[in-house]
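This report describes the open and enclosed spaces of one protein chain, the positions a record marks in it, and one pair of packed helices. Please look over the sequence and the structure before reading on.

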Amino acid sequence: MNFYHYILQAIQSKRKLLAILIDPEKIEFDAIPTLCDKIKKSPATHIFFGGSTYDGNDFDEIVKRIKQKLDLPVFLFPGDYNQISEAANALLFLSLVSGRNPEYLIEQQIKAVKKLEHSSLEIIPTAYLLIESGVKTAVERVSQTKPLDRKDLKIIKNTAKASEYLGMKLVYLEAGSGAKIGVSKEIIEAVKQKINIPLIVGGGIKSALEIENAFTAGADMVVIGTAFEENPNFFELL
């Protein structure tokens, strides 16, 4: 399957996509079966897997165990070049275009080449835009970059459009893990009107209403992370 093409098909047929973000730093092997059972009962269409600060040795094994339990595509959402597993289906090849630290604009990507040049993973170039969210997130701490001012729609829109011109296939608007304020409807609408590639929105989404608001504003895929981590019954409440 071409997983990027699947996303394009979903947009054409007006199907909304929902990804659950699993942070390897926050999961134990014993908890994987229960977690996967909860995901099966959810409306999730994708699994995103990765974290800003994970440096353990079990990354690949966790992906394998998740794949054994779930019949959903697993997209790697790496915090660094070591977070790569052939057991996954695709890799969001992220560039932190909202920041100006070359380590996360291009250096991490160069370091990943050795692992990826003979890989069977589908590699999807993805522009990653960190939006100010009221707290200092893990992405900001690790990358040593500042998020984009949520009030500066012009810069946010133009950063997204420049990413499209550079050849990115996805734009990911991210408020960050544990965000106090999610990406606003105004930002989502403005970016969606500006670009012609799929739009992913995540961070700070804590309710069914916020999920629906993101979709209504133009998100093609919404990502749920912290809300599901803190309450595995989250989707039963929707």
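In what follows, Ala, Val, Leu, Ile, Met, Phe, Trp, Tyr, Cys and Pro count as nonpolar, Asp, Glu, Lys and Arg count as charged, and the others, Gly among them, count as polar. The model shown is predicted.

**The largest pocket**

The largest pocket has a volume of about 750 Å³. It is lined by 45 residues, and those closest to its centre are G51, S52, F77, Y128 and V139. By class, the lining consists of 21 nonpolar, 16 polar and 8 charged residues. Several helices and strands each supply at least two residues of this lining: the strands β4 (90–95), β6 (170–174) and β8 (221–224), and the helices α4 (102–116), α5 (138–143) and α9 (226–230).

**Positions marked in the record**

Which residues does UniProt place under "binding site", in an unreviewed entry, besides a longer list given below? They are D23 and S52. These two span 30 residues in sequence, yet their C-alpha atoms are no more than 8.5 Å apart, so they gather at one spot. Both D23 and S52 belong to the lining of the largest pocket. D23 is found in the loop between β1 (17–22) and α2 (32–40), while S52 is one of the residues closest to the centre of the pocket.

The longer "binding site" list in UniProt, also from an unreviewed entry, names Y172, L173, E174, A175, G176, S177, G178, G203, G204, G225 and T226. Of these, the pocket lining includes Y172, E174, G176, S177, G178, G203, G204, G225 and T226. L173, another residue of the list, lies in strand β6.

**The cavity**

The structure holds 1 cavity of 30 Å³ or more. The largest cavity has a volume of about 40 Å³, and its lining is made up of K38, K41, S42, P232, F235 and E236. The table sets the two spaces side by side.

| Space | Volume | Nonpolar | Polar | Charged |
|---|---|---|---|---|
| Largest pocket | about 750 Å³ | 21 residues | 16 residues | 8 residues |
| Largest cavity | about 40 Å³ | 2 residues | 1 residue | 3 residues |

**Helices α6 and α7**

Two packed helices are described by the angle between their axes and the distance between the axes. Helix α6 covers residues 153–165 and helix α7 covers residues 185–194; their axes come within 9 Å and cross at roughly 35°. The crossing of α6 and α7 is right-handed. On the α6 side the contact involves L153, I156, K157, N158, A160, K161 and E164, which meet E186, I187, A190, V191 and K194 of α7. The residues of this contact divide into 6 nonpolar, 1 polar and 5 charged.

Methods: Residues numbered from 1 in each chain as written. Predicted model: local features only at pLDDT ≥ 70, side-chain atom pairs only at ≥ 80, totals over all residues. Heavy atoms only, no water. Axes fitted to C-alpha atoms, helices over the stretch in contact; angles between N-to-C directions. Helix = DSSP H or I, 4+ residues; strand = E, 2+ residues; numbered from the N terminus. Left-handed = near helix turned anticlockwise from the far one by under 90°. Contact = heavy atoms within 4.5 Å. 1 Å grid on protein atoms, 1.4 Å probe; cavity = no way out; pocket = protein on both sides within 12 Å on 5 of 7 lines; lining within 4 Å. Points joined across faces, edges and corners; volume = space filled by probe spheres on them. UniProt positions renumbered as here; feature names shortened; annotations may be inferred.
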